[in-house]
Amino acid sequence: MPKHYNIPIFIPELACPFRCVFCNQRKISGHISIPSPDNILKIVNNHLATFTHESRNVDIAFFGGNFTGIPLQEQEQYLRLVEPFVLSHQVQGIRISTRPDYINEQVLDLLRRYHVTTIELGAQSFDDEVLRKSYRGHNALQTEKASRLILESGFHLGLQMMIGLPGDSLQAALHTASRIVALGATSTRIYPTVVINQTALHQWYEEGKYQPLSLDEAIRWTAHLLPVFEAADIDILRVGLHQSEGLVLGKELIAGPFHPQFRELVLSHIWRNQLEKATESLEVSRFEIHIAPGQINYAVGHKKSNKLWLDSRYNTRFIEDKQLAGQEFRIEAVR
Ligand code: SF4
């Protein structure tokens, strides 16, 4: 299996006309400059020089929220600049992230001509009330239409979602996940909403009009969402904000469920639920829990929380078992 690498290039959307309540792009825009062509080439070459796997799959990823919101001519300049890397087979594809309401046939034609393979849409929610309260400026139907157009045009589709936006609920989040699956996305990202300095959410938070999810709630909600995507074989590219992408400049977080190991906390929570269920009717108190390779840390839990919980009730031992795969596990009594 070839190793996958992304080469991220951040294109800030300086003139974004929207006012999404969670976004501080005005503030970000003041601090992040548009990378020059030389800079972009340097970024790509520097990354390529660090890749060690012979068998690899490399994407150049234009991130920044709204790639197709910039004038067509500028989009073309960026794409033309990196085209030689694709033609020389140093890079296998290009991915961009954008808004659902900035997808049309003209844009898709351009992206196809320049080897873009994946388009990620910031869907955020498929609940119109949540979108309206978050001042996203588009509705769920627009995301549905854009998704279909992207797939019909032969691109891979990524759909990102946020949880805990104003008006959101676990039920609405599950509805969003089920629409992402039904629309045929190949990948997703799940971002818990956090309150960033100098945003509308920040003001609402100060005024007591908005309360972000607690870390526990965000973990619990996400633990419901992951299995939906896993069952549909959708690539979950990110769970939780990365310090460098959501908390731009690193000092902007006011409140909300941010944790650098958010994904691990969620996986640990999923294992805790499974182990509770599997052990509740056990009639033995000494047993071994056989776990598939790669899952043992999550089964043991963040800071060994699941193991400590089991140890307070039973005499248990975790054993890695190569005959198991994914989240399969087996409990064997020890006599
Ligand atoms: S999230 Fe994207 S669309 Fe919304 S205000 Fe920020 S940059 Fe603009």
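In the predicted model, Gln-124 counts as buried, with 27 C-beta neighbours inside 10 Å. Because the threshold for burial is 20 or more other C-beta atoms within 10 Å, the count of 27 places Gln-124 in the buried class. The residue belongs to strand S4, which comprises residues 116-124. Its backbone is noteworthy in one respect: phi of Gln-124 is near 65°, a positive value in a residue other than glycine.

A positive phi is also found at His-89, where the angle is about 65° although the residue is not a glycine. The setting of His-89 is a loop, namely the one between H3 and strand S3 (93-98). His-89 has 8 other C-beta atoms within 10 Å and is therefore exposed, since a residue with 12 or fewer such neighbours falls in that class. Thus a positive phi occurs at a buried strand residue, Gln-124, and at an exposed loop residue, His-89.

Helix H3 (residues 72-87), which precedes the loop holding His-89, packs with helix H2 (residues 37-50). Two packed helices are described by the angle between their axes and by the distance between those axes. For H2 and H3, the angle is about 25° and the axes lie 10 Å apart. Because angles under 35 degrees count as roughly parallel, H2 is roughly parallel to H3. The crossing of the two helices is right-handed. On the H2 side, the contact is made by Pro-37, Ile-40, Leu-41 and Val-44. The residues contributed by H3 are Leu-81, Val-82 and Phe-85.

At the level of the whole chain, the secondary structure consists of twelve helices and twelve strands. The radius of gyration is 22 Å, close to the 20 Å given by the globule rule for 335 residues, so the chain is as compact as a globular protein of that length. The C-alpha trace spans about 70 × 55 × 35 Å along its principal axes. Of the 335 residues, 36% count as buried, Gln-124 being one of the buried residues. Among contacts between residues at least 6 apart in sequence, 78% join residues at least 24 apart.

The chain is divided into two domains, with domain 1 covering residues 3-259 and domain 2 covering residues 267-333. The centres of domain 1 and domain 2, taken over C-alpha atoms, are separated by 35 Å.

Note on methods:
Residues numbered from 1 in each chain as written. Predicted model: local features only at pLDDT ≥ 70, side-chain atom pairs only at ≥ 80, totals over all residues. Domains from an automatic or database assignment. Helix = DSSP H or I, 4+ residues; strand = E, 2+ residues; numbered from the N terminus. Rg over C-alpha atoms; globule rule 2.2 N^0.38 Å. Contact = placed C-beta atoms within 7 Å. Axes fitted to C-alpha atoms, helices over the stretch in contact; angles between N-to-C directions. Parallel < 35°, antiparallel > 145°, perpendicular 65-115°, else oblique. Left-handed = near helix turned anticlockwise from the far one by under 90°.
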